[in-house]
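Me: Could you take one part of this structure and go through it slowly with me? I am in my first year, so please join the details together as you go.

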Amino acid sequence: MTLCTKRSISKYLSPFRVLSESSKEKKNMITPGFEKHIRNIYGETGDTWLRKLPSLIKSIAQKWNLDNISPLTNVSYSFIAKARQTKTNRIAFLKISFDFQEAFREATMLFHYSGNGCAQLIDYDQNLGAILREYCDPGESLEVFYPNHDETAVNIAISVINNLH
């Protein structure tokens, strides 16, 4: 869709832990905590979705030319993984949502903002509830860059938020 570039908003993202390459969970792609959470919220329907998720990940990876898919461990409602686009060698986030409406709203928002103050939408599949978006490496908070200058840090955050509206 469009090229992905680093944005200053990465400083506002929460850090995520990525599964190690040798992790047993990496092979399954689904962490036990995520699996438990989906089953608790969505019951049998969630269980059915979880059983289909590995083949869904594989299908999306082929469609969008993704490899090195590394699931994030501290997720609750959607499968999220760091991945590499093989054709461009670009790192991105893959998100597959159980809730297709949530995925549609997020993709619409990312498309509308077009990378201005947030991650850039790379691709979206409405039928699969899948989003591929710019990877933003969680960085330091504004507090680190502006210690003892709360007003400056707040003004920068307000500027980013205002750009979104």
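What follows is a close look at one strand and its surroundings.

Reply: Please keep in mind that this is a predicted model, and let us take strand S3, which covers residues 90-97. Of its 8 residues, 7 are buried, so strand S3 is largely enclosed by the rest of the structure.

Strand S3 has paired strands to consider. Strand S2, made of residues 78-85, runs antiparallel to S3 and is joined to it by 8 bridges, and the hairpin of these two strands has 4 residues between them, where Asn89 takes a positive phi near 65°. Strand S5, residues 130-134, also pairs with S3 in the antiparallel sense, here over 5 bridges. Ile96 shows both pairings in one residue, since in S3 it is the bridge partner of Phe79 and also stands opposite Ala130 in S5.

Now consider the charged residues. Arg90 lies in strand S3, and although Arg90 is buried, it has no salt bridge, the nearest side chain of opposite charge being that of Glu134, 8.1 Å away. The side chain of Arg90 does, however, make a polar contact with the side chain of Gln85, at 2.6 Å.

Lys95 is likewise buried, with a relative accessible area of 15%, but Lys95 forms a salt bridge with Glu102, in which the closest N and O atoms are 3.3 Å apart. Its partner Glu102 counts as partly exposed, because its relative accessibility is 23% and buried means under 20%.

Key: Residues are numbered from 1 along each chain as its sequence is written. This is a predicted model: local features need pLDDT of at least 70, side-chain atom pairs count only at pLDDT 80 or more; totals for chains, interfaces and linings use all residues. Side-chain values use heavy atoms; hydrogens and water are left out. Buried means under 20% relative accessible area, exposed over 50%, partly exposed in between (1.4 Å probe, protein chains only). Two strands pair if DSSP finds at least two bridges between them. Lys and Arg count as positive and Asp and Glu as negative; His and the chain ends are not counted. A salt bridge is a side-chain nitrogen of Lys or Arg within 4 Å of a carboxyl oxygen of Asp or Glu. A polar contact is a pair of N or O atoms within 3.5 Å; within protein, one must be able to donate a hydrogen and the other to accept it, and residues adjacent in sequence count only if both atoms are side-chain atoms.
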